[in-house]
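I opened this notebook to record what I looked up in the structure, beginning with enclosed space and then turning to two single residues.

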Amino acid sequence: RKQNMSKCLVTGAAGFIGSHLCEALLAKGHEVVGIDAFIPYYPRGIKETNLATARQHPKFRFVELDLRTGEIEPLVDGCDVIFHEAAMAGLMKSWSDFELYASCNMIATKRLLEAARDRKTPHLIHVSTSSVYGREATGDENSPITPFSPYGITKVGAENLCRAFEANFNVPVTILRYFSVYGPRQRPDMAYNILIRTLMKGESFTMFGDGEQTRSNTFVADCVNATILAFEKREAALGRVFNVGGGDIISLNGAISLLEEITGRKAVIERKPARPGDQKHTAANIEHISKRLGYKPTTRVADGLRAQVEWQKSLNV
């Protein structure tokens, strides 16, 4: 099969980033099998809406399946690449729902790796997170891994499973560590989504900490582009770990100012102490992925936030 006609499996296909990835792969002419378990972390209806565009494409097939229990092998069969986007996300709930995080992020990943090994999948691209670095995520990929939340710990576990399968069974793996992705379809529990919603409704926004925490914001289209580059430049990506960031670093206070400007509304802030596990500073060092894969983020944070505001306005929520 030619590179421009690959069969791709996308886990977490109904999610924020997974749904965008499916559409981008279909637009490039690939065949896509999307799987999702619709774990009720946020309403199923939102995820169904995320999937709507891909579902209309003749080269897209959707399968509702839980990676922890379902039969994965038949879906992996004949795939040129697996994009493992599925995970239990969100830091705070990982303190109280640890079993759910451990099973979704580690057991599911192990079962997917077993299927990739048994069906000899040529490439598994595993999506990880800046949370593996811990409280500060500002260095390169060789920075110490000191996760600061149960969520981060399960994502380190998933990375280590990938490494173990690579070392023992030659499963071809690339690991991508995403940094603070935002844009249309962002999960309703994420800060920018909540902030835009409260601004539009004139409600108060709860700020944890002093607002000086900074994030390396990655617009979803840039994130998807980096993910597809890892597949298209497979030889350069195999066996490697890449930070995926957007180039713009902004504090929460800075983001609030920008969003006030974009929406023409004034934020009402309710201040609370910082939460356990919240990262203080993230700044994606993207030198490695830029050099090896030619990745260049193109969306400035003001433009990205504008796009997210427009999307949230269109939802009328």
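Entry one, the cavity. The model is predicted, and I began with the helix that gives the most to the lining of the largest cavity, which is α7 (residues 191–201), with 3 residues. My search of the whole structure found 1 cavity of 30 Å³ or more, and I noted about 30 Å³ of space in the largest cavity. Its lining, as I listed it, consists of L195, T198, L199, G202, E203, F205, K266, A267 and V268. Sorting that lining by class, I counted 5 nonpolar residues alongside 2 polar and 2 charged ones.

Entry two, T49. I located T49 in helix α2 (residues 44–55), and I asked myself whether T49 counts as buried or exposed. T49 counts as exposed because its relative accessibility is 53%, and the cut-off for that class is over 50%. I then followed the side chain of T49, which reaches the backbone oxygen of G45 at 2.9 Å. Looking further along the chain, I found that A14 is 35 residues apart from T49, with 8.3 Å separating their C-alpha atoms.

Entry three, K110. I placed K110 in helix α5 (residues 98–118), where I recorded K110 as partly exposed because its relative accessibility is 37%. Which residues is K110 in contact with, once its neighbours within four places in sequence are left aside? I found L161 and F165. I also checked R234, which lies 124 residues apart from K110 along the chain, and the C-alpha atoms of these two residues are separated by 22 Å.

Note on methods. Residues numbered from 1 in each chain as written. Predicted model: local features only at pLDDT ≥ 70, side-chain atom pairs only at ≥ 80, totals over all residues. Heavy atoms only, no water. 1 Å grid on protein atoms, 1.4 Å probe; cavity = no way out; pocket = protein on both sides within 12 Å on 5 of 7 lines; lining within 4 Å. Points joined across faces, edges and corners; volume = space filled by probe spheres on them. Helix = DSSP H or I, 4+ residues; strand = E, 2+ residues; numbered from the N terminus. Nonpolar A, V, L, I, M, F, W, Y, C, P; charged D, E, K, R; others polar. Buried < 20%, exposed > 50% of the residue type's maximum accessible area, 1.4 Å probe, protein only. Polar contact = N/O pair within 3.5 Å; in protein donor to acceptor, adjacent residues only side chain to side chain. Contact = heavy atoms within 4.5 Å.
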